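Biologist: I should like to learn how to read the features of a structure that is new to me. Could you take me through them one at a time?

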Amino acid sequence: MVQKIAPYLWSHGPISQFEQRHATKMLKVSLWVMMAHLPFLLGVAWLNHTSGFGAFVLWALSITGPLVAPRVLQDVRQASLVHGFAYMCLGGVLVHVGQGPIQIEMHFYFFAMLAILAIFANPAVITVSAATVTVHHIVLWLLLPDSVFFYDAPFGVVLVHAAFVGFASAAAVYFARTYLDNVVALEAIIEERTAALNGRNEDMKLLLNSVDQGFFTLDRAARISIERSQAASSHPTDLPSSV
């Protein structure tokens, strides 16, 4: 069972040019979105009377990975994993600085981001993100419970949150996998079939050039096309441009 599920949760195979372009663009947009988190985090910290400076420091630490990743990692899939992890860290910062009556609403951030991260067309991003938020909730619940829940939440509440994360992640993985298989991988299929067609054309050209007769084709306007056998091209002045 694990051997069947694991490939579905993790991207594999070569990276096509389309995927490279798509992921590169999404990584740039994603970084700008992370930068835009700062004023929002500072505003939440101000409303809830938590540390604005602490929010700034945690935000800076969270985006360090995405800032460094493009310079260290050549693989866009690996770089997108860093972004997924960073978004969950930003969610942790949001919940931490949002301590107060509205803290529970901050948890919707995690579910929203798990869905949005499907834009990377990389199911592994969702897998890493889901694991990150699950570990975050359990560890903070044990060490610093006020940074997760506004009240004295029992472990059952953590399990309920983990169950919702699992459900949202399963849906996001499906969307990312579908986009990867049906859109991103389509370019690889087209390239493979184009290469096969070019190979057949070369074989046909070799066959036509091996005979003494001249072969050529006409379009609807009776113009001679450029596709012709070598014998037909040996005396181009004998061939009219149209008939």
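Biologist: How many aromatic pairs are there, and how should such a pair be read?

Modeller: A pair of aromatic rings is described by the distance of the centres and the angle of the planes. In this predicted model, the count comes to five aromatic pairs. One of them joins F56 and W59, with 5.8 Å from centre to centre and 35 degrees between the planes, and it is tilted.

Biologist: Where do F56 and W59 lie with respect to each other in helix α4?

Modeller: They are three residues apart in helix α4, so about one helical turn separates them. Their surroundings can be read from relative accessible area: F56 is partly exposed at 38%, while W59, at 8%, counts as buried.

Biologist: What are the distance and the angle for the rings of W141 and F155?

Modeller: The ring centres of W141 and F155 are 5.2 Å apart and the planes meet at 50 degrees, so this pair is tilted. The pair links distant parts of the chain, since W141 belongs to helix α8 and F155 to helix α9, with their positions 14 residues apart. W141 is partly exposed, having a relative accessible area of 21%, and F155 is partly exposed as well, with 37%.

Biologist: I should now like to turn to salt bridges. How many does the structure hold?

Modeller: To count as a salt bridge, a side-chain nitrogen of Lys or Arg must lie within 4 Å of a carboxyl oxygen of Asp or Glu. The structure holds one salt bridge. The side chains of E19 and R77 form it, with 2.8 Å from N to O.

Biologist: Which helices does the pair of E19 and R77 link?

Modeller: E19 is in helix α2 and R77 in helix α5, 58 residues apart, so the pair links distant parts of the chain.

Biologist: Are E19 and R77 buried or exposed?

Modeller: The cut-off for buried is under 20% relative accessible area. E19 has 5% and therefore counts as buried; R77 has 12% and is likewise buried.

Biologist: How does one read a nonpolar core, and which residues have the most contacts inside the largest one?

Modeller: In soluble globular proteins, nonpolar side chains tend to be buried together. Here the largest nonpolar core has 39 residues, and Y87, M88, L90 and L117 have the most contacts inside it. Two or more residues each are given to this core by α2, α3, α4, α5, α7, α8 and α9. Helix α5 provides the largest share, 11 residues. Apart from this core lies another, of five residues, including V148, F149, V157 and V158.

Biologist: What is M88 in contact with, beyond its neighbours within four places in sequence?

Modeller: With those neighbours set aside, the contacts of M88 are F110, M113, L117, S129, T132 and V133.

Biologist: Which other residues of helix α5 could I examine?

Modeller: H83 lies in helix α5 and is buried, with a relative accessible area of 1%. Leaving aside neighbours within four places, H83 is in contact with L27, S30, L31, M34, P66 and F120. L81 also lies in helix α5, and at 17% relative accessibility L81 counts as buried. From L81 to N122 there are 41 residues in sequence, and the C-alpha to C-alpha distance is 8.6 Å.

Biologist: Which residues form the nonpolar patch on the surface?

Modeller: The patch consists of V135, I138, V139, L142, L143, L144, F155 and L159, which together have about 730 Å² of accessible area. Helices α8 and α9 each supply at least two of its residues, and the largest share, five residues, comes from α8. As a case to inspect, L143 is found in helix α8 and counts as exposed, with 68% relative accessibility.

Biologist: Finally, how many helices and strands are in the protein, and what share of its residues is buried?

Modeller: The protein has 11 helices and two strands. Along the sequence they follow the pattern α-α-α-α-α-α-α-α-α-α-β-β-α. Of the 243 residues, 35% are buried. The accessible surface comes to about 14,800 Å², and carbon and sulfur atoms account for 69% of it. Among contacts between residues at least 6 apart in sequence, 66% join residues at least 24 apart.

Technical notes. Residues numbered from 1 in each chain as written. Predicted model: local features only at pLDDT ≥ 70, side-chain atom pairs only at ≥ 80, totals over all residues. Heavy atoms only, no water. Patch = residues over 30% accessible without salt bridge, like charges linked within 9 Å, V, L, I, M, F, W, Y side chains within 5 Å. Areas by Shrake-Rupley, 256 points an atom, 1.4 Å probe, with all protein chains shown as cover. Helix = DSSP H or I, 4+ residues; strand = E, 2+ residues; numbered from the N terminus. Buried < 20%, exposed > 50% of the residue type's maximum accessible area, 1.4 Å probe, protein only. Core = buried A, V, L, I, M, F, W, Y, C linked by side-chain atoms within 4.5 Å. Contact = heavy atoms within 4.5 Å. Phe/Tyr/Trp six-rings, centres within 6.5 Å; stacked < 30°, edge-to-face > 60°.
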